[in-house]
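This briefing is written for a reader who wants to follow the fold from its overall layout to its individual side-chain contacts. The points are grouped by topic and can be checked against the display.

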Amino acid sequence: MLTTMVRGRPVRLPNTLAEIRAALPEERRGEFDQVIGDTPLELVRMVAIMEFALPEDAQREDAEIVARIDSGDWTGVTFEDGTPVVP
C-alpha cells in the first residue's frame with residue numbers, strides 16, 4: 001500500500017490499478033477504464049493516483065492549491081530541498 005498525507009492525516013492508497021479500480025464506486029469504473037486506457041504509459045501512475053486513488057477530499061485540496069497558485073499566490077510552495085518557489 002502507498003501512504004500519503006491528506007489534510008494532515010495519513011491515508012493509505014491502493015497500490016495496483018486493479019486495487020484502485022476495485023475501490024471505486026461502480027459508476028466510476030467505466031471512466032477509469034477509459035481514462036487509463038487512453039493515458040500514455042509515462043503518465044499512468046500520476047493519472048491513476050491523482051484522478052482515481054486519492055480520496056475526494058484530497059482531490060478537492062489539490063484543486064484548491066492549484067487554484068491558489070493559478071491566482072498568483074505561491075505561499076508555502078517549495079522545491080524538494082525546501083527552498084521557497086518565488087515566481
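A residue is called buried when its relative accessible area is under 20%, exposed when that area is over 50%, and partly exposed in between. On that basis, buried residues make up 25% of the 87 residues in the protein chain. The model is a predicted one, and the values below should be read as properties computed from that prediction.

**Overall layout**

- The protein chain holds four helices and two strands, and from the N terminus on its elements follow the order β-β-α-α-α-α.
- Along its principal axes, the C-alpha trace of the protein chain spans about 40 × 30 × 25 Å.
- The protein chain exposes about 6,200 Å², of which carbon and sulfur atoms supply 56%.
- Among the contacts in the protein chain with a separation of 6 or more, 33% are accounted for by residues 24 or more positions apart.

**The strand pair**

- Strands β1 and β2 run antiparallel and are joined by five bridges, and within this pairing M5 stands opposite P10 in β2.
- The hairpin of β1 and β2 has two residues between the strands, and in this hairpin R7 takes a positive phi near 50 degrees.

**Helix α3 and what covers it**

- Helix α3 covers residues 44–53, and its buried residues are V44, V47, A48, I49, F52 and A53.
- The cover over these buried residues of α3 includes both strands, β1 (2–6) and β2 (9–13), together with the helices α1 (17–23), α2 (26–38) and α4 (56–70).
- M50 also has its place in helix α3, but this residue is partly exposed, with a relative accessible area of 40%.
- Together with L43 and M46, M50 forms a nonpolar patch on the surface, and the three residues have about 260 Å² of accessible area together.

**Helix α2 and the aromatic pair**

- The buried residues of α2 are R29, F32 and I36, and the buried residues of this helix pack against α1 and α3.
- The structure holds one aromatic pair; the rings of F32 and F52 have their centres 5.1 Å apart and their planes at 85 degrees, and because planes over 60 degrees apart count as edge-to-face, the pair is classed as edge-to-face.
- F32 lies in helix α2 and F52 in helix α3, so the pair ties together parts that are 20 residues apart in sequence.
- Both of these residues, F32 and F52, are buried.

**Salt bridges**

- With a side-chain nitrogen of Lys or Arg within 4 Å of a carboxyl oxygen of Asp or Glu as the criterion, the count comes to four salt bridges, and three of them are described in the points that follow.
- The side chains of R29 and E26 meet in a salt bridge at 2.8 Å, N to O, and both residues lie in helix α2, three residues apart, about one turn of the helix.
- The two partners in that bridge differ in their surroundings: R29 counts as buried at 18% relative accessibility, whereas E26 is exposed, with a relative accessible area of 57%.
- E31 forms a salt bridge with R28, in which the closest N and O atoms are 3.1 Å apart, and these two residues likewise both lie in helix α2, three residues apart, about one turn of the helix.
- An α-helix has 3.6 residues a turn, so residues three or four places apart point the same way.
- Both partners of the second bridge are partly exposed, E31 with a relative accessible area of 38% and R28 with a relative accessible area of 22%.
- The side chains of R68 and D73 meet in a salt bridge at 3.6 Å, N to O; R68 counts as partly exposed at 26% relative accessibility, and D73 is partly exposed too, with a relative accessible area of 30%.

Technical notes. Residues numbered from 1 in each chain as written. Predicted model: local features only at pLDDT ≥ 70, side-chain atom pairs only at ≥ 80, totals over all residues. Heavy atoms only, no water. Buried < 20%, exposed > 50% of the residue type's maximum accessible area, 1.4 Å probe, protein only. Contact = heavy atoms within 4.5 Å. Phe/Tyr/Trp six-rings, centres within 6.5 Å; stacked < 30°, edge-to-face > 60°. Patch = residues over 30% accessible without salt bridge, like charges linked within 9 Å, V, L, I, M, F, W, Y side chains within 5 Å. Areas by Shrake-Rupley, 256 points an atom, 1.4 Å probe, with all protein chains shown as cover. Pairing = 2+ DSSP bridges.
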